[in-house]
Amino acid sequence: MEISNKTKRIYKLLWLLVVPIGMFLVYQFFPSNPIQWGNYILLLILAAVITCFPFFISGTPIMLVQFVNLAVFLKYGVFAEIILMQVCLIPVFYNMNFGKETLSRMAFSSFMFFVASAMSGFIVHLLGFQVGSINIKDIFVNGLLFAVLTAFMNHHILYVRDYLIGQKHRYIDKESLWDFAGLTMTFPFGISLYMLEHYIGFIAILLLGIPFLLITFLVRLYSDSEKVNTDLTRASEFGHELAERMSSREIVDMFIDRISNMFPMDSAYIVDYINDQFVVLRAIEDGIKKDLDFSHEDIKFSLAGKVYEEGKPMLFNKQTEWIQMRPPFLSLDLQSVMSVPIYRNKKIEAVLVLASKKRSAFERYQLNIIHLLCSYFAVTIERARFVKEALAKSERCELTQLYNYRYLDKQVEKDMENIVLGKSRTLSLIMLDIDRFKMVNDTYGHHSGNLILRAFAKIIKEEIGANGTVSRYGGEEFVVLLPNYTKIEAIHIAEQIRRRIEQTPFVVQLDLAEETREEEIFITVSSGVSTAPEDSDEGKTLLRNADRALYIGAKQAGRNKVAEYIK
């Protein structure tokens, strides 16, 4: 969650106004026992080590340090407990990038832990608790009260903070339930640690601390294995979703979006190698898509270029490990970086670069999952290209390279639908037919006829450009679709085509003569024009109307004419 500059300033101000003077007041007025520094330092170390090894349940981080701070509170008082909790913040924030935002968050966490501990200690002492008591009832009741109050106040402060900055959520959520579950699990350990340490000294810290650390480590291993299984499942689902995408653009966009959501990252980049040049094909920074442009040389001699050259994935846990080969697109507030080559047909085509502002944000197993997903990605891109080429062949006339009837049929319906949806005002359709084309074939041969069809198609394509769709309807018939063109405008374009065809010499080869030679001939074209919605609100009817205008209004009227459909 990003925090504003105003919120950062408030965090720091809260800490400055409350924590220093509050610590002094707690030290002066709260009851405490003399600290046995050897034992206290061991407890500090135990708490810090536990904090260094959190584990995750359903994505929620759990740090079972409560039992240590409970034992410290019972033995030495709330001031010693506050110091312990402040020390535990150090390993929590160590793995984060030490920037202004991290310091602000640390200031708020320090403030929150201080307020929760001080208020809980005040209430417990107000109810008569004596620090260092060994009365089991007194210890159990007041220890439980302190632990519950501390957890409740931490949760309440977070809830109020989130409410004030607009991050509203349920008062009791999944994370708070797991916090209280952790309290339930650790409370007996805290009482046991306090009592045992009272009777046998620092050995108690080792007898309970070491087994607890081992249990925490085993639970963490199990938690990590669950994370691996979850990520593998998501990767498999991701692979299936990729396979459902048909276009290369869709695949690239979906890949970069899902990758950025699956893993703990702040930035993601696909560096492609096109025409012997490195380019940033896609980029997401803090959830926002960016268009980035950097020189080939800057990328080539960075870690992205190195991964492309060596073909091996790389993982960096902190900035000092990669700063000497920093790509130009990685900002200096980033820490962890993971870079993986993308193979296609055993050749590296691109490089994926992921980055996080936290240190050690990525784990080694995630590198392997990313590598697997890149394989899915490359295969899907290859399949999409194959499908696109196959589709293009199936929708193109091989002779003229114009769209064929199959494509035209779909495009007419699509353009008609755009009129209904309000995306287009009109759709004009021009049907063209080469006059006396059978005579050309009979006189000069079918090869010459094909030469004329190719040249004819090229002229129409040049005249229409990007303003419409040109297709070969069949034989010597062609169709032009002109979205947002009126009938008058379409007739004008058809007339331009007619005049150009009439004035253009077409080269044919006299294959039917005794000697093959080239000759120039002139041809003419007849056209029919129909427009939606004034002539029809159906695509097939629009085609029939243009066809009727072509044959009745142009062919039967002498050919080499443009005719419009009239109801």
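**Salt bridges in the predicted model**

The structure holds 17 salt bridges. The model is predicted. Three of the pairs are described below, including Asp435 with Lys555, Glu463 with Arg500 and Asp535 with Lys487. Side chains of opposite charge can pair when their charged atoms come close.

**Asp435 and Lys555**
- The closest N and O atoms of aspartate 435 and lysine 555 are 2.8 Å apart.
- This pair links distant parts of the chain, 120 residues apart: aspartate 435 sits in the loop between strand E9 (427-434) and helix H14 (437-444), and lysine 555 belongs to helix H17 (residues 539-555).
- Aspartate 435 has a relative accessible area of 4%, and because the limit for buried is under 20%, aspartate 435 counts as buried.
- Lysine 555 is also buried, with a relative accessible area of 11%.

**Glu463 and Arg500**
- Glutamate 463 forms a salt bridge with arginine 500, with 2.9 Å between the closest N and O atoms.
- Glutamate 463 lies in helix H15 (residues 446-464) and arginine 500 in helix H16 (residues 487-503), 37 residues apart.
- Glutamate 463 is partly exposed at 25% relative accessibility, and arginine 500 is partly exposed at 29%.

**Asp535, Lys487 and their network**
- Aspartate 535 forms a salt bridge with lysine 487, the closest N and O atoms lying 2.8 Å apart.
- Aspartate 535 is in the loop between strand E14 (525-532) and H17, while lysine 487 is in helix H16, 48 residues apart.
- Aspartate 535 and lysine 487 are both buried.
- Lys487, Glu534, Asp535 and Glu564 are joined into one network by salt bridges that share partners.

Terms used: Residues are numbered from 1 along each chain as its sequence is written. This is a predicted model: local features need pLDDT of at least 70, side-chain atom pairs count only at pLDDT 80 or more; totals for chains, interfaces and linings use all residues. Side-chain values use heavy atoms; hydrogens and water are left out. A salt bridge is a side-chain nitrogen of Lys or Arg within 4 Å of a carboxyl oxygen of Asp or Glu. Helices (H or I, at least four residues) and strands (E, at least two) are DSSP runs, numbered from the N terminus. Buried means under 20% relative accessible area, exposed over 50%, partly exposed in between (1.4 Å probe, protein chains only).
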